[in-house]
Amino acid sequence: MAQVQVKKLDERAVLPTRGSQYAAGYDLYACLACEAEIPPHATVKIGTGLAFALPEGTFGAVFARSGLAAKEGLRPANCVGVCDSDYRGEYIVALHNDSDEPRTVRHGERIAQLVLLPYLPMDFEEVDALPETLRGAGGFGSTGK
């Protein structure tokens, strides 16, 4: 199991939790001094009051919570947030309200989920031609519906 250091930037912050033993995502909680209202089709940044030191070679992917998205129309504005392992600031979730009604976020409410993922560093080599494949340059439905 990966060891992740976490620092509370606010004493009221809630450490991430999992909903079940095999859940991939760890719930992130709103850390707010007062309620935050998110107008319809608007985005509001919600702090977690937490900073992390992720293992080298990983990043934190911030995803929507399925229940919050389906029931309340709230999701991260950038769809998936990417938190690099060398970032030491507060994890903030820009929540977007896709609904036609204002939504209220309260302190301690679960607002997103964090998944720790590995990544492969890349170097880019400019070439004059790419190796051929059967698919070639076909995209956007070229292999079926």
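How many bridges join S4 to S9, and in which sense do the two strands run? Five bridges join them, and the strands run antiparallel. Keep in mind as you look around that this is a predicted model.

Let's stay with that pair for a moment. Across it, isoleucine 46 stands opposite valine 93 in S9. Zoom out a little and you'll find an open sheet of three strands, ordered S4-S9-S7, with antiparallel pairing. Strand S4 (43-47) and strand S7 (74-76) are the edge strands, each pairing on one side only. From one strand to the next, the twist averages 35°.

Now follow S9, which covers residues 92-97, to asparagine 97. Is this residue buried or exposed? With a relative accessible area of 0%, asparagine 97 counts as buried, because the cut-off for that label is under 20%. Its side chain reaches the backbone oxygen of proline 39 at 3.4 Å. Setting aside residues up to four places away in sequence, asparagine 97 touches a list of residues that includes Ile38, Pro39, Pro40, His41 and Ala42, along with Glu72, Gly73 and Leu74. Pro102 and Arg103 are also among the residues that asparagine 97 touches.

Next, have a look at strand S5, residues 50-53. Leu50 and Phe52 point one way from this strand, while Ala51 and Ala53 point the other way. Why the back and forth? In a regular strand, side chains alternate between the two faces of the sheet. In S5, the residues on both sides are buried. S5 has a partner too: strand S1 (residues 5-8) pairs with S5 in the antiparallel sense over four bridges. Glutamine 5 is the residue that stands opposite alanine 53 in S5.

That brings us to the largest nonpolar core, which has 22 residues. The members that touch the most other members are Ile46, Phe52, Val62, Val93, Leu95, Val105 and Ile111, so a couple of names from the strands above turn up again. Strand S3 (36-38), S5, S9 and strand S11 (110-118) are the elements that give two or more residues to this core. S11 supplies the largest share, three residues.

For a closer view of the core, pick valine 105. Leaving aside its neighbours within four places in sequence, valine 105 is in contact with Ile46, Leu95 and Ile111, among others. Its contacts also include Ala30, Leu32, Glu35, Ala36, Ile38 and Leu74.

Note on methods
Residues numbered from 1 in each chain as written. Predicted model: local features only at pLDDT ≥ 70, side-chain atom pairs only at ≥ 80, totals over all residues. Heavy atoms only, no water. Buried < 20%, exposed > 50% of the residue type's maximum accessible area, 1.4 Å probe, protein only. Pairing = 2+ DSSP bridges. Polar contact = N/O pair within 3.5 Å; in protein donor to acceptor, adjacent residues only side chain to side chain. Contact = heavy atoms within 4.5 Å. Axes fitted to C-alpha atoms, helices over the stretch in contact; angles between N-to-C directions. Core = buried A, V, L, I, M, F, W, Y, C linked by side-chain atoms within 4.5 Å.
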